[in-house]
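User: Please go through the model shown here with me, taking the helix packing, the core and the ligand in turn.

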Amino acid sequence: MKVTEHIKASTESTLFSLEIIPPKKGDSIDSLFAHIDPLMEFKPPFIDVTYHREEFVYKNRENGLLEKKTIRKRPGTVGICAAIKNRYNVDPVPHIICGGFTKEETENALIDLNFLGIDNVLVLRGDSIAEEKTFRPEPDGNAYAIDLVDQVMGMNEAKYLDEELQNAVPTSFCIGVAGYPEKHFEAPNLKSDLKYLKQKVDRGAEYIVTQMFFENSKYFEFVEKCRAAGINVPIIPGLKPITTKSHMTALPSIFHIDIPDDLYNEIEKCKDNKAVKEVGIEWGIQQSKELMEKGVPVLHYYSMGKSDSVYRIAKALF
Ligand code: FAD
């Protein structure tokens, strides 16, 4: 079932959902199940599975030239989605990214997902690799999430790159895209960012999931600006519980988001990460409560491989 159908079917209450990261190469899938199992109590209708590009650039010590190396650090998004569907009977939402993939490789991954009966994809550009200053697509790859939306929409209209598939049945993926209440870090301003977000929606995206934020006013203002710009699809807030002191610097630096003064001050006072975790849970509960009261369709938690904080927040609310 499509994410948008889940939302339509649940007009009275807010849904709980989560995003998981594939386990590291060599780990067992049981570590993932151990993480998801307790959260099934809150009946997530869908679970997102992130995708990670598989190469990085390094400097060859002998000739000093930059070279690419393929390393599958977190393999298996497609397989994990199949396993989640099979074990929990919920809709997995694989993330599909432009970075590191040619259009042909993307088509093959989407064909596999369609074959497995997966109805949704979250379409993203991906970030540049550490050694590149700006994002560089593959020579035959998609440059922006919009281009990837076009590719998926093309397949939804039975337009495949592989000529042998011209008579194949069309796919019918429901497409989600990312939105940034605090603006994407590369965008010169929010207006420009919203212009491209609207293009993603106009070209076929049916819902938006936001980057994490810690101040609800940022989400509410973002939704207001989206509506004023003519973006009328559901906007799902993404939330992350703070669990360590290091998040105070790591999250702003990685995700380009602000930590509000009140939260920062509370965390500063904590003696250890056990105390930080409690502050993070309480903050998450209060944030979630307010969002629920304002009638958000879904509360989407970035669990990042740890279920206990998300469990405690959900237990207080669902
Ligand atoms: P885009 O929508 O392509 O936008 C990128 C930038 O380019 C923006 O500044 C935008 O304003 C601008 N822009 C867009 N279109 C155009 C255009 N046509 N011309 C000029 N400028 C344009 N990363 C992963 O690698 N794997 C994941 O699984 C993953 N999951 C994520 C889930 C969520 C909910 C979010 C919010 C992010 C996720 N990311 C993931 C990170 C994401 O890949 C990065 O934030 C990336 O830098 C931007 O992706 P995007 O899809 O928003 O890009």
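The questions and answers below deal with these topics.

Analyst: This is a predicted model, in which local features need pLDDT of at least 70, side-chain atom pairs count only at pLDDT 80 or more, and totals for chains, interfaces and linings use all residues. Residues are numbered from 1 along each chain as its sequence is written.

User: Within what arc do the buried residues of helix 11 fall?

Analyst: Helices are DSSP runs of H or I with at least four residues, strands are E runs of at least two, and both are numbered from the N terminus. A residue is buried if 20 or more other C-beta atoms lie within 10 Å of its own, exposed if 12 or fewer, and partly exposed in between, with C-beta atoms placed from the backbone. In helix 11 (residues 308-317), Ser-309, Val-310, Ile-313 and Ala-314 are buried. They line one face of the helix, because the directions from the helix axis to their C-beta atoms fall within an arc of 125°.

User: Which helix gives the most to the largest nonpolar core?

Analyst: Such a core is a set of buried Ala, Val, Leu, Ile, Met, Phe, Trp, Tyr and Cys residues joined through C-beta atoms within 7 Å. It has 64 residues, and Ala-145 is one of those that touch the most other members. The greatest contribution, six residues, comes from helix 5 (residues 145-156).

User: Which helix gives the most to the shell around the ligand?

Analyst: The shell holds 22 residues, with Ala-145 among the closest; a residue is near if its C-beta atom, placed from the backbone, lies within 6 Å. Helix 5 and helix 6 (190-202) each supply at least two residues. The most, three residues, come from helix 6.
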